[in-house]
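Colleague: Please choose one part of this structure and describe it closely. I would like the fold of the whole chain set out beforehand, and the surroundings of the chosen part afterwards.

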Amino acid sequence: KPLSEENSLFNKKAAIINPSSKSDTIRHKLTNPQTKSNVDEEEGFAEPIGINLEQAYKLYTMGIIFIDARDEYEYKMGHIKNSINLPMYYFDKYKNVLSGTSKSQTIICYCGGSDCELSTQLANKLFLMGYRNNYIFIGGWEQWKTARYPVE
C-alpha cells in the first residue's frame, strides 16, 4: 500500500457507531463464529470501528478480548477486568502478549477515555498488522470505571 494511505488510518478519528445501528454490526460479527478454518485473514472491517460504553459492555459479556493501550503503571492502578496490557508507546516490548491471538479474532482497544488517542493509534497499528476485526472503545477506562463495570 502507498505510505500516504497507511498514514491516513493513523490520522482518522474513530467513528462512533449510531446506537440504533450497532446491534446489526455486532450481531453480524458475533453470529458468524470465526475460526482459522473458515475465515480468510484478510476478512474483517475496512478499518477499526469506534464503539460506545453500551456496545463495549455487551461485547465484554460475550468474552471479547479487551486490550488496554495505556502504560503499565496506569494499567496496574486499575483496568477493565481480564483485559491485557499492550502499551502503545512500548508496543515492540509488549507485542508478544498477542502471540496466541488469531488475527481473525475480535478485539477491543481502549485507553484513558475520549481525550486519549492511544487506543485509536493501537487499533490502527494492529489493523495494519492484520488484526482486521477490532473495535475502539471511545469512552475508555474512565467511562467504564464510572459505570461501575468489572475492574481489577
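**A β-α-β unit and its surroundings**

Modeller: The protein chain contains seven helices and five strands. The model is a predicted one. From the N terminus onwards, the order of these elements is α-α-β-α-β-α-β-α-β-α-β-α. The chain has 152 residues, 44% of which count as buried. Its exposed surface is about 8,300 Å², and carbon and sulfur atoms supply 50% of that area. Among contacts with a separation of 6 or more, 74% are between residues 24 or more positions apart.

The part I have chosen is the right-handed β-α-β unit formed by β2, α4 and β3. Strand β2 spans residues 65–68, helix α4 covers residues 72–77, and strand β3 consists of residues 84–85. The two strands of the unit run parallel and are paired over two bridges. Strand β2 is also paired with β4, again in the parallel sense, through four bridges. Ile 67 takes part in both pairings: its bridge partner in β3 is Ile 84, and its bridge partner in β4 is Cys 109.

Two salt bridges belong to this region. In one, the side chains of Asp 68 and Arg 70 meet with an N to O distance of 2.7 Å. Both Asp 68 and Arg 70 are buried. In the other, Glu 72 is joined to Lys 76, with 3.2 Å between the closest N and O atoms. Because Glu 72 and Lys 76 lie four residues apart in helix α4, about one helical turn separates them. Lys 76 is exposed, since its relative accessibility is 62% and the threshold is over 50%. Glu 72, with a relative accessible area of 32%, is partly exposed. The Asp 68–Arg 70 pair is thus buried on both sides, whereas the helical pair includes an exposed residue, Lys 76.

The loop between α4 and β3 holds two residues that deserve attention. One is His 79; the other is Asn 82. His 79 has a relative accessible area of 9%, and because buried means under 20%, this residue counts as buried. Its side chain reaches the backbone oxygen of Tyr 75 at 2.8 Å. Beyond its neighbours within four places in sequence, His 79 is in contact with Asp 68, Arg 70, Tyr 110, Trp 141, Val 151 and Glu 152. That list includes both members of the buried salt bridge, Asp 68 and Arg 70. Asn 82, by contrast, is exposed at 57% relative accessibility. Its phi is positive, near 70°, although the residue is not a glycine.

Moving on from the unit, the count of salt bridges in the model comes to four. One of them links Asp 92 and Lys 95, whose closest N and O atoms are 3.8 Å apart. Asp 92 is exposed, with a relative accessibility of 59%, while Lys 95 is partly exposed at 40%.

Next comes the approach to β4, the strand that is paired with β2. Thr 106 lies in the loop between α5 (91–94) and β4 (107–110). With a relative accessibility of 7%, Thr 106 counts as buried. Its C-alpha atom is separated by 5.6 Å from that of Asn 134, a residue 28 positions away along the chain.

Helix α6, residues 118–128, is largely enclosed by the rest of the structure, because eight of its eleven residues are buried. These buried residues are Leu 118, Ser 119, Thr 120, Leu 122, Ala 123, Asn 124, Leu 126 and Phe 127. After α6 comes Gly 130, which has a positive phi, near 115°.

A further positive phi is found in the segment after α7 (140–146), at Arg 148. Its value is near 60°, and Arg 148, like Asn 82, is a residue other than glycine. Arg 148 is exposed, with a relative accessibility of 76%.

To return to the chosen part: β2 pairs in parallel with both β3 and β4, Ile 67 has a bridge partner in each of those strands, and buried His 79 is in contact with the salt-bridged residues Asp 68 and Arg 70.

Key. Residues numbered from 1 in each chain as written. Predicted model: local features only at pLDDT ≥ 70, side-chain atom pairs only at ≥ 80, totals over all residues. Heavy atoms only, no water. Buried < 20%, exposed > 50% of the residue type's maximum accessible area, 1.4 Å probe, protein only. Pairing = 2+ DSSP bridges. Right-handed = clockwise from strand over helix to strand, strands pointing away. Polar contact = N/O pair within 3.5 Å; in protein donor to acceptor, adjacent residues only side chain to side chain. Contact = heavy atoms within 4.5 Å. Areas by Shrake-Rupley, 256 points an atom, 1.4 Å probe, with all protein chains shown as cover.
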